[in-house]
Amino acid sequence: MKYSFLFLLLLAGLLTGAQSSSSMLSDDSTRSIELREIQVSTTARSDRQRMIQFYRGNQSAGIEDILARLPEITLIRRGTYGMEPAIRSLSGGQINVLLDGMRIHGACTDKMDPATIYIEPVNLDEVQLQTGTQGFLYGASIGGTVNLKTATVPCHNTRKINGSVSSGYQSAAKSFYESLQLRYSSGKFAIHSSVTWRNSEAYRSGGGQRIPFSQYQKVNYSTTASYQLNERTLLKADYIGDHGWNIGYPALPMDVGYAVARIGSLSLQQNKPGQRMYQWTTKIYANQVRHYMDDTHRPNVPMHMDMPGRSLTWGLYTEGLMKLTRQQQVRVIADFSSTRLKASMTMYENGQPPMYMLTWPDNRKDQGGIGMNWKWRADSNWTLQSVIRMDLISTALTSQEAKEHIRILGVNNAGRLELLKNISVTAVRKLYPWLQSSLSLAYAERMPTATELYGFYLFNAQDGYDYLGNPKLAPERSLQGEWSLQVQGKKIRIKTSLFYQHIRDFISGSIDPSFSTMTIGAHGVKKFSALPDAHLTGVEASLLFKPVAALDFISTLRYTRGEDHSGDPLPMIAPLKSTSTIRYQFSRFFLQAETEAATAQKKISNKYGEDKTPGYLLLHVRSGFSFQLAGKKTDLQYGIENLLDKNYHEHLDWGNVKRPGRNVYVLLRVKFG
Ligand SMILES: [Cu+2]
């Protein structure tokens with residue numbers, strides 16, 4: 001019975017797919033947080049809009065602070081900057097991190113540069129987050145997708161330059177934040193540019209100790225130009241440049257001397273191009289990341305090393321949303337991308353000639369896929385949804401030198417060709433007008449990463465082992481389910497989700513005594529291999545309560561457990577964490593108080609060298625108001641984070657490096673034009 005139902009769903013999905021149609025991205029299982037400032041508040045305030053202030057508590061904060069507030073996301077921290085996002089404890093190659101639908105591969109073998117660092121919150125429009133059961137529409141993944149959507153500027157015939165200038169200061173790291181935004185539009189043409197500069201010194205942790213090598217400096221600039229070809233068609237060109245230098249990573253043995261990313265794209269957006277088509281976007285893009293690690297500022301370096309890396313990606317996709325019937329819609333996507341990676345290490349030992357080797361032997365990954373999200377509102381109480389994705393992925397070593405490196409691992413032909421299949425079905429049932437239940441089931445696969453396939457003596461500072469790739473690794477496969485309940489009242493919304501995930505051929509490093517270490521002081525060599533299985537179970541809950549117009553209360557909670565086949569806890573699993581915010585808004589003034597609490601994490605991975613992490617409770621207060629300054633609309637925001645100056649670290653913080661202590665911040669923004 002169950003199976004025939006599933007089969008019917010699949011069949012229906014395939015049939016509608018042939019006609020190319022799909023479902024809205026903003027469905028129940030997608031969490032998207034709009035961050036754009038509301039210019040004119042003609043629309044009713046939605047829950048999502050009510051969350052805006054919560055997610056952007058501190059206007060000078062980076063993307064990472066916004067992501068950290070999503071209950072589904074945890075961040076693996078190796079430095080103040082460049083924290084690596086994880087969705088429900090899955091990270092790296094298990095999830096997709098996209099910028100406006102574009103793939104970007106970091107150029108650092110030590111994961112210092114996740115793609116999230118290239119978007120400044122001033123340019124961010126929306127964080128689209130899809131968890132495991134539906135998160136593979138844009139690419140094979142077992143853990144989901146985070147897509148950071150940047151703001152677009154509508155074409156108006158204003159012929160006036162407008163924009164804003166912001167300036168901020170934070171006391172814990174004596175950091176400065178300066179940002180300028182400019183917009184211009186004349187009829188069919190619009191242009192939007194921004195530049196942001198951040199300069200942060202080594203911060204002080206709770207109790208007042210300075211954390212060495214926690215400083216960073218960066219400049220990010222972006223330009224978006226759009227031209228209205230006709231009433232329904234917009235041609236858009238985007239460019240983002242990001243330069244970072246002197247970026248410290250206190251939990252790693254090296255810092256970043258210089259890192260640069262160049263990200264460009266050209267897209268064609270059609271609004272209602274056909275009777276049944278809502279929108280169609282076609283985009284071609286290319287990006288390049290260069291990354292130079294530096295250990296020259298570190299004391300007592302046994303052997304100085306140069307470690308440059310680079311990545312080059314280009315790709316294209318076409319994506320559309322169509323309405324099949326009054327009850328059915330379908331989103332379809334076809335995409336291709338190609339990524340080239342290379343990273344090397346040169347070691348300088350006193351009195352010896354320099355030693356050179358590849359850490360990411362030159363490699364290429366080509367990926368092409370098609371995906372579809374079909375949604376059927378069967379009646380007023382039932383909605384059914386199916387996401388299907390197929391990817392053909394080929395990887396290869398691209399130089400003779402690279403092949404010679406990998407031959408040391410005992411593999412002659414390291415090229416791979418894989419067909420990856422991802423599918424999910426979701427049923428949403430309205431039980432009462434105020435109560436909705438949703439159940440999702442999915443099968444997903446993901447390709448091993450370049451590091452897992454071809455990594456060559458990559459030192460992991462967390463467990464102290466040199467890691468070797470394994471070109472023969474099978475794709476990870478996952479069976480997962482998610483059940484959510486949502487209560488929706490006039491003044492209250494409560495959502496809870498339970499999820500379970502069973503991963504086969506779980507990729508993990510295991511000690512290989514047949515290799516000797518390269519890094520001085522390393523405990524040994526681990527080779528990536530597949531554990532028979534691992535599983536993750538978790539719960540998330542959120543509460544939005546608005547008793548009166550001036551008051552908002554928002555609270556979130558999350559808890560995840562992960563174990564491998566032998567019952568040992570998986571590494572990098574955050575403990576129970578809860579955040580609560582109360583916000584009072586009166587006219588142009590607001591006052592906000594927040595708590596952030598985590599329990600101790602005692603379920604630790606000894607194999608991965610983890611230790612127990614104590615729990616903590618933090619308190620933040622924020623306030624702000626707007627006023628006219630010389631006729632310009634001005635916002636002043638200020639607050640104190642970690643008011644109690646708690647000396648703490650989170651379980652996902654490598655090296656137990658303490659987080660910032662009491663931080664007083666102030667931000668002034670003047671709008672003009
Ligand atoms: Cu690096």
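This passage describes strand pairing, the nonpolar core, one helix and one buried serine in a predicted model.

Strand 8, which spans residues 161–170, has pairing partners in two other strands. With strand 9 (residues 175–186), strand 8 pairs in the antiparallel sense, and the pairing extends over 10 bridges. Four residues lie between the two strands of this hairpin, in which K174 adopts a positive phi near 45°. Strand 8 is also joined by eight bridges to strand 31 (residues 663–672), and these two strands likewise run antiparallel. The residue S167 illustrates both pairings: its bridge partner in strand 9 is E178, while its bridge partner in strand 31 is L668.

The largest nonpolar core of the model comprises 105 residues. The members that touch the most other members are L67, I73, L75, L99, Y118, V146 and Y454. Strand 16 (residues 328–348) supplies the largest share of this core, namely six residues. In soluble globular proteins, nonpolar side chains tend to be buried together. The surroundings of L75 can be listed in detail. When its neighbours within four places in sequence are left aside, L75 is in contact with E64, L67, A68, M83, E84, P85 and L652. One of these residues, L67, is also named above among the core members that touch the most others.

Helix 4 (residues 400–407) has a buried and an exposed side. A402, H405 and I406 are buried in this helix. These three residues lie on the same side of helix 4 because they cover an arc of only 90° around the axis. An α-helix has 3.6 residues a turn, so residues three or four places apart point the same way. On the other side of helix 4, Q400, E404 and R407 are exposed. The buried residues of helix 4 pack against two strands, strand 17 (355–377) and strand 18 (382–397), as well as against helix 5 (450–454) and strand 21 (456–460).

A further buried position is found at S222, a residue of strand 11 (residues 216–230). S222 counts as buried because it has 23 C-beta neighbours inside 10 Å, where 20 or more are required. Leaving aside neighbours within four places in sequence, the contacts of S222 are N123, S193, S194, Y239 and I240. Residues that are far apart in sequence may also be compared by their separation in space: S222 and I119 are 103 residues apart in sequence, and their C-alpha atoms are 9.1 Å apart.

Terms used:
Residues numbered from 1 in each chain as written. Predicted model: local features only at pLDDT ≥ 70, side-chain atom pairs only at ≥ 80, totals over all residues. Pairing = 2+ DSSP bridges. Core = buried A, V, L, I, M, F, W, Y, C linked by C-beta atoms within 7 Å. Buried ≥ 20, exposed ≤ 12 C-beta atoms within 10 Å, placed from the backbone. Contact = placed C-beta atoms within 7 Å. Arc of directions from axis to C-beta.
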